[in-house]
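Open the model in your viewer and keep the selection panel at hand. The tour goes from the whole chain to one helix pair.

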Amino acid sequence: MLRDTLSEEKLISFDACVVQMFFLHLFACTEIFLLTVMAYDRYVAICKPLQYMTVMNWKVCILLAGALWTGGTIHSISLTSLTIKLPYCGPDEIDNFFCDVPQVISLACTDTHIIEILIVSNSGLISVVCFVVLVVSYAVILVSLRQQISEGKRKALSTCAAHLTVVTLFLGHCIFIYSRPSTSFPEDKVVSVFFTAVTPLLNPVIYTLRNEDMKNALNKLIRRKEIKEK
C-alpha cells in the first residue's frame with residue numbers, strides 16, 4: 001500500500017492483492033480478539049486484583065494468545081477463499097487505497113449477494129459481538145469503581161482510557177465497513193485511512209503515554225536536557 005501510494009502507477013497483481021487481503025484480515029481480526037482479551041484482563045485486574053495472578057497465569061495467557069491467532073487465521077482464510085473463487089472478467093480498478101474484500105468482490109462478473117451476506121455474518125458479526133463484549137466489560141468495571149477510593153479510581157480509569165480509545169478507533173471502522181452490504185460511500189476512503197494509517201500511528205503514542213514508567217523516563221530525559229542547557 002505504501003509503495004503504491006508513493007509510485008505514479010497504482011498497479012498490483014491479483015496474487016499480490018489476495019496476499020494483501022489475507023494479511024489485512026489476519027492481523028485485523030487478531031487485533032480485535034486481542035482487544036477483547038485485554039478487556040477481560042482489565043476486568044480481572046480491577047475487579048478481582050487479589051485473584052489476578054491465579055486467573056491470568058502464564059498457561060492462560062498462552063492459551064488465549066494461541067486462540068486469538070487461530071481465530072484470526074480461520075477468519076482470514078475463509079474470507080480470502082470466498083474471494084478468489086469468484087470469476088473476474090470486468091473492470092479491474094479498485095476504489096480504495098488497498099485491496100479489501102468488499103471492493104474486490106464488487107469487480108466480480110457474477111451475483112455476489114450471497115458472498116456479501118457471508119461477509120456481513122463473518123466480519124460484521126465478529127466486530128459487533130466483540131464491541132458488545134467490550135462495552136459490557138467496561139460497564140462492569142465502571143460500576144465496580146464506585147466502591148473504590150478516589151486514587152484507585154483514577155489509576156483504574158487511566159488504565160482503561162488508552163484501551164477504550166484504541167477500541168473506538170479500530171472497531172468503529174470495522175463495524176462501519178463490514179456490517180453492511182458492499183455499497184461504496186464517499187466516507188469509505190476516509191475511514192480506511194484512519195484504519196490503516198492513523199490508528200496504527202496513534203497506538204504506540206496512546207499506550208506509551210499512559211505508561212507510568214514511560215512518563216518517568218520522559219521526565220528524566222527532559223530534566224537532563226534542561227540541566228545540560230543551563
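Start with the whole protein chain, colored by burial: of its 230 residues, 33% count as buried (under 20% relative accessible area, 1.4 Å probe, protein chains only). This is a predicted model, where local features need pLDDT of at least 70, side-chain atom pairs count only at pLDDT 80 or more, and totals for chains, interfaces and linings use all residues. Residues are numbered from 1 along each chain as its sequence is written, and side-chain values use heavy atoms, with hydrogens and water left out.

Turn on the surface. The protein chain exposes about 14200 Å² (Shrake-Rupley method, 1.4 Å probe). Carbon and sulfur atoms supply 67% of that area.

Switch to cartoon. The protein chain has 9 helices and 0 strands (DSSP runs: H or I, at least four residues, for helices; E, at least two, for strands).

Now show contacts (heavy atoms within 4.5 Å). Among those between residues at least 6 apart in sequence, 71% join residues at least 24 apart.

Next, select residues 58-84, helix α4, and residues 113-145, helix α6. Their axes (lines fitted to C-alpha atoms over the stretch in contact) lie 11 Å apart, at an angle of about 165° on a scale from 0 to 180 degrees between N-to-C directions. That angle makes α4 roughly antiparallel to α6 (over 145 degrees).

Show side chains at the contact. From α4, pick His75, Ser78, Leu79 and Leu82. From α6, add Ile115, Leu118, Ile119, Asn122, Ser123 and Ile126. How many residues of this contact are nonpolar, polar and charged? The contact of α4 with α6 has 6 nonpolar, 4 polar and no charged residues.

Key: Angles under 35 degrees count as roughly parallel, over 145 as roughly antiparallel, 65 to 115 as roughly perpendicular and the rest as oblique. Ala, Val, Leu, Ile, Met, Phe, Trp, Tyr, Cys and Pro count as nonpolar, Asp, Glu, Lys and Arg as charged, and the others, Gly among them, as polar. Buried means under 20% relative accessible area, exposed over 50%, partly exposed in between (1.4 Å probe, protein chains only).
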